[in-house]
Amino acid sequence: MNDQNETRGDAEVTPEHNNTSPHVITLDDIHTAARRICGWVHKTPVLTSKALDAMAGRHLYFKAENLQKTGSFKVRGACNAVFLEKEKNPGSAGVVTHSSGNHAQAVAYAASCVGLGCSVVVPRGTPKVKCDAIQDYGGQLVFCDPTPMARKETCAALARDTGRTTIPSSDNTDVICGQGTLALELLEEVPDLDAVVLSVGGGGMLAGVATTIHHLHPHCQVYGVEPEGKELECCLRARVRLWSESSSFLNTVADSIRLRAVGPVAFPFICDYANRHVFTVTDDQMIQGTRLSFERLKQVVETASGAAVYASVHMLGKVQPGAQKVGVILCGGNIDFDTLPWFTPLPTY
């Protein structure tokens, strides 16, 4: 993969990262994923708001994955990976995964579509609305301590004991290809975007969207939005994963993007195809973006979506002032109405 992520107006080219992924994702892989999951996921609408356009000083196009099956974009990658498991292994014992909630319910839904059993590991403190949805889709809940290591160890033990196949939440090429299908749809609706803005947790959505847009519209800049403490931009500029392998969860109101480290499979794609600038937002800013979505778009979204909304409205113009048409991914809408973020103290883990 070649370095294609120069900032507009910035001639700097960074050296190749020293942990280049052996994985390759082609545009055909992403189109194949789109065909595989067609009929099982929604083609979500692209929304606009004159009020938000005026605030941003540019045209914003909101890809409403909060209206997706299971309430988030995660169902795209989950369906692609789970359906492939069924195709390759018709006698599969089922699937297992670990997630803060959105990927878990997506995997449970995907497994139910093809008749596979599903066990899901979720950290204690996961919003009740997500836990209820996982069980509604037939997933067996297993709780663990709220740390990345506990999630991985519990999931590995389940896979070993049940013989089920692990479906990672983001760090897997089949999952990444599935997430890339949302960019296919966005570019079908708005083919001449100047930029796309989306929140980043484990990195699967950012990797899939950036890869897809690189292949179809390489001049469009793709920006990640992170909670405070993630420090993805430092890693992208160094082209090295600077996080320790025992990376922790961030203390953030956005539970779906609290994982500090981007995974080793997703990271090289982000290095090569996403812009090196990463927008860092505070919890208050995420909440402001979430409220804007409620008030101006009339959309129920999670604070991770609010992060992207805030960055596109208030921050993008300082980095890419010439961008006139900007895609914004509303990544999910599984919010707990008993704990609306503007009424709830910041959680501690």
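**Exercises: the largest cavity and helix 10**

In this predicted model, helix 8 gives the largest share of the lining of the largest cavity, 3 residues.

**Exercise 1.** Find how many cavities of 30 Å³ or more the model holds, and give the volume of the largest cavity.

*Solution.* Start with the count: there are 2 cavities of 30 Å³ or more. Then take the volume: the largest cavity has about 300 Å³. Next, list its surroundings: 26 residues line the largest cavity, and Lys74, Gly201, Gly202, Ser256 and Ile257 are the closest to its centre.

**Exercise 2.** Describe the lining of the largest cavity by residue class and by helix.

*Solution.* Sort the lining residues by class: 8 are nonpolar, 13 polar and 5 charged. Now turn to the helices. Helix 4 (102-113) and helix 8 (204-216) each supply at least two lining residues.

**Exercise 3.** Where does the largest cavity lie with respect to domain 1 and domain 2?

*Solution.* Mark the bounds: domain 1 is 4-72 + 172-334, and domain 2 is 74-166. Check which of them contributes to the lining: both do. The largest cavity therefore lies between the two domains.

**Exercise 4.** Decide whether helix 10 (residues 266-273) is mostly covered, and name the helices that its buried residues pack against.

*Solution.* Apply the cut-off: buried means under 20% relative accessible area. By that test, 8 of the 8 residues of helix 10 are buried. They are Ala266, Phe267, Pro268, Phe269, Ile270, Cys271, Asp272 and Tyr273. Helix 10 is thus mostly covered. Finally, trace the packing: the buried residues of helix 10 pack against helix 7 (173-189), helix 8 and helix 9 (232-238).

Key: Residues are numbered from 1 along each chain as its sequence is written. This is a predicted model: local features need pLDDT of at least 70, side-chain atom pairs count only at pLDDT 80 or more; totals for chains, interfaces and linings use all residues. Side-chain values use heavy atoms; hydrogens and water are left out. On a 1 Å grid over the protein atoms alone, a cavity is a set of points where a 1.4 Å probe fits but cannot get out, and a pocket is an open set with protein on both sides within 12 Å along at least five of seven lines; lining residues have an atom within 4 Å of a point. Grid points are joined across faces, edges and corners, and a volume is the space filled by probe spheres set on the points. Helices (H or I, at least four residues) and strands (E, at least two) are DSSP runs, numbered from the N terminus. Ala, Val, Leu, Ile, Met, Phe, Trp, Tyr, Cys and Pro count as nonpolar, Asp, Glu, Lys and Arg as charged, and the others, Gly among them, as polar. Domain bounds come from an automatic or database domain assignment. Buried means under 20% relative accessible area, exposed over 50%, partly exposed in between (1.4 Å probe, protein chains only). Contact means heavy atoms within 4.5 Å.
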